[in-house]
Amino acid sequence: MALTGWLKSFLGKNGLLVGLYILIAVAVWIVLLIVLPQLFMLDFSFRYNLPPGQVGGPQDVYTLSNYKYLVFGSPGNQAAYNWIDLSVFGQTILAAIFVTLIDLALCYPIAYYLAHVAKGATGRLLVLSLIIPYWVNEILRAFAFRIIFGASGVINNALIYIGVIDQPIDFIREDVALYTGLSYAYILLMIFPIYNAVESLDRNQVEAARDMGASWLRIHWRIVIPYAKPGIASGCTMVFMLTAGALAAPQILGGPSSLWFTQLIVQWFNTGGNWPRGSAYAIALLIACVAFVLFMMRIFKIRVGEIGR
Amino acid sequence: MSAPAVELDSVTIKFGAFTAVRDVQIDIKDGEFFSFLGPSGCGKTTLLRAVSGFLEPTVGAIRIHGNDMGGIGPNIRPTALIFQNLALFPLMTVWENIAFGLEVRGVAKAERRRRADELLDLIALPGQGDKMVSELSGGQKQRVAIARALAVEPQVLLLDEPLSALDLKLRQHMRTELRAIQQRVGLTFIYITHDQGEALTMSDRIAVMSSGVIEQVGPGADVYDRPDTAFVASFVGENNAFRGRVQEIAGEDVRLETAHGPLVGRLNPRNPVREGDEAYLFVRPESLKPAEADESLNRIEATVRQDEFEGSFHHLILAAGEDEALRMSSPNDGGREGGREGESLAVRFEPKRAVALPLGPLATE
């Protein structure tokens, strides 16, 4: 059989000990850490929220009620749809798209600069100064942002001092702090894939385009960006997924009116004590994000395999 | 008289303390195929990048048809550069590659396509416009790169060793083709190469460069037959260098005392040797002939060490005293006289086929 043949050659190539370790580690990783938890989550999302005594009993049957709740609200709901939750859902996706676009605009020039302009010590220094701030943990960073964006924070004080404004701006309420925090949170995940993709671009192609009279804008539009497309897609996907699923930043930096969909999920799990409904909400977010990413990849003609490069 | 196509006016290019190009003064005529020939690191690519505008001369000026190019970037200069690795755009089709320069200039798509098709005809690749670059062979890519450069109608086409990536057969074929294209479009070509065969076969004139300095400028035959310096003599083609002391100069004849006895050659009036000085006498492998028993002028007693048979030529490597690797080439014309490996062989050469030159660095290759 093909499988046993492959197994034999795999073990032969790597040695029994290393071969077995790799097989078991990969199996544990995929089955125990990725597939099983999601399957249980999926299973949960199709069940009623029953008291412990009734779990496994005759009333423990599959249902779509949790998904229905997200779309239509509770059975006694006056409105046709569950507008509150759906709008949070939509806003989260839109906000994640917005953050992704900000990151792309910020990181593409940095990545190009790192890959093709900065040389030697300058480049290493730049990379270090990008990486080291990430030693600061997410919570600490979020609260630090809260302080500098506060009514009497450094930014307001500075703006008042130089006379741009005379009243402090409420950056928290205006969600400026939130978007800044989210944009900053995953910047490395945008820079490095683009850097990777752009780095292998032959410099002569840029020079050839320039020699033929192309402006810098056109060189990037026609030569560099098409070449870096898989890296851009990879970076955008990661930033989008992680932003849509972010929790700490929205909770700490979000204004009083802003609600992230992940916060709703946590509410169902914790405060609401309704795990099946929380699972359904989480699965809905996951599917929406994956579908959106696949749709965008289709539009920009990128194959999934390219992202892995 | 109209201004030369390209005028290099005492051009010096420095990188920090290092001088890559030193005081180059050359006028390149309109429609000329001009080559810069030299070993890697001699500054020829630096000079080409200065003409194309990717860097500025530290001292001196570059003028194209009389216009000073100082401060004019590569995107504005009337030059087009063909890169060593061609630098075709892999994500565009062949015709989009060719028409890229027109796209930059805002030419409408239908017109771009028409021009690309015209150029595809010119480079003998009709109907291949919709292919991707990766589907083409090495020689076809070469021609597409030329078409892409021609599309922007440059006044000067610059070529940076574009044939070096091809295999030998194709390279020889492309030499002929490049020369033919150049004559068809009548454009000024500046060609950079370390391959003297390429330079000799294609060029109207050649400038031989070494360590940032132009050693000699002239038509190929002149550079080959009448080298001005020891470097040119040893770099362009094979040459045997006999070292000795100049005993006598009589008119054009120079007599050197060498390890093989007195040898007679010609003076180069552009770089004359002086009596009493140490000097080289350069003799081409094809100028060495087997000597008859009664011929004593320029006679060298040698032993055949090796016979490299190339088909049309026998390349013999001879040992004679301290000269352990003299080279002698004789055509394979059926009348082979002597010269089996291990045999002794007396050789001679005509004085007019030997050039005496002052000592100087030899090409090491």
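**Strand pairing and domain contact in chain B**

In β5(B), D68(B) is the residue that stands opposite R63(B). The model in which this pair appears is predicted. The pair belongs to an antiparallel arrangement of β4(B) with strand β5 (residues 67-68) of chain B, which comprises two bridges. These two strands form a hairpin with two residues between them, and within the turn H65(B) adopts a positive phi of about 50 degrees.

Strand β4 (residues 59-64) of chain B also pairs with strand β1 (residues 6-15) of chain B, again in the antiparallel sense, over five bridges. Here V59(B) in β4(B) is the bridge partner of T12(B).

At the level of domains, chain B is divided into domain 1, spanning 6-225, and domain 2, spanning 230-358. Their C-alpha centres are 37 Å apart. Contact between them involves 15 residues of domain 1 of chain B and nine residues of domain 2 of chain B. The area buried between the two domains is about 1000 Å², with carbon and sulfur atoms giving 62% of it.

Specific interactions across this boundary include four residue pairs in polar contact and one salt bridge. The salt bridge joins R270(B) to D222(B), whose closest N and O atoms lie 3.4 Å apart. On the side of domain 1 of chain B that touches domain 2 of chain B, at least two residues each are supplied by α7 (196-202), β9 (205-210), β10 (213-218) and α8 (220-225) of chain B. The largest share, four residues, comes from α8(B). By type, the residues of this side of domain 1 of chain B comprise seven nonpolar, five polar and three charged.

Definitions and conventions
Residues numbered from 1 in each chain as written. Chains lettered and ligands numbered in written order. Predicted model: local features only at pLDDT ≥ 70, side-chain atom pairs only at ≥ 80, totals over all residues. Heavy atoms only, no water. Pairing = 2+ DSSP bridges. Domains from an automatic or database assignment. Contact = heavy atoms within 4.5 Å. Buried area = accessible area lost by both parts, 1.4 Å probe. Salt bridge = Lys/Arg side-chain N within 4 Å of Asp/Glu carboxyl O. Polar contact = N/O pair within 3.5 Å; in protein donor to acceptor, adjacent residues only side chain to side chain. Nonpolar A, V, L, I, M, F, W, Y, C, P; charged D, E, K, R; others polar.
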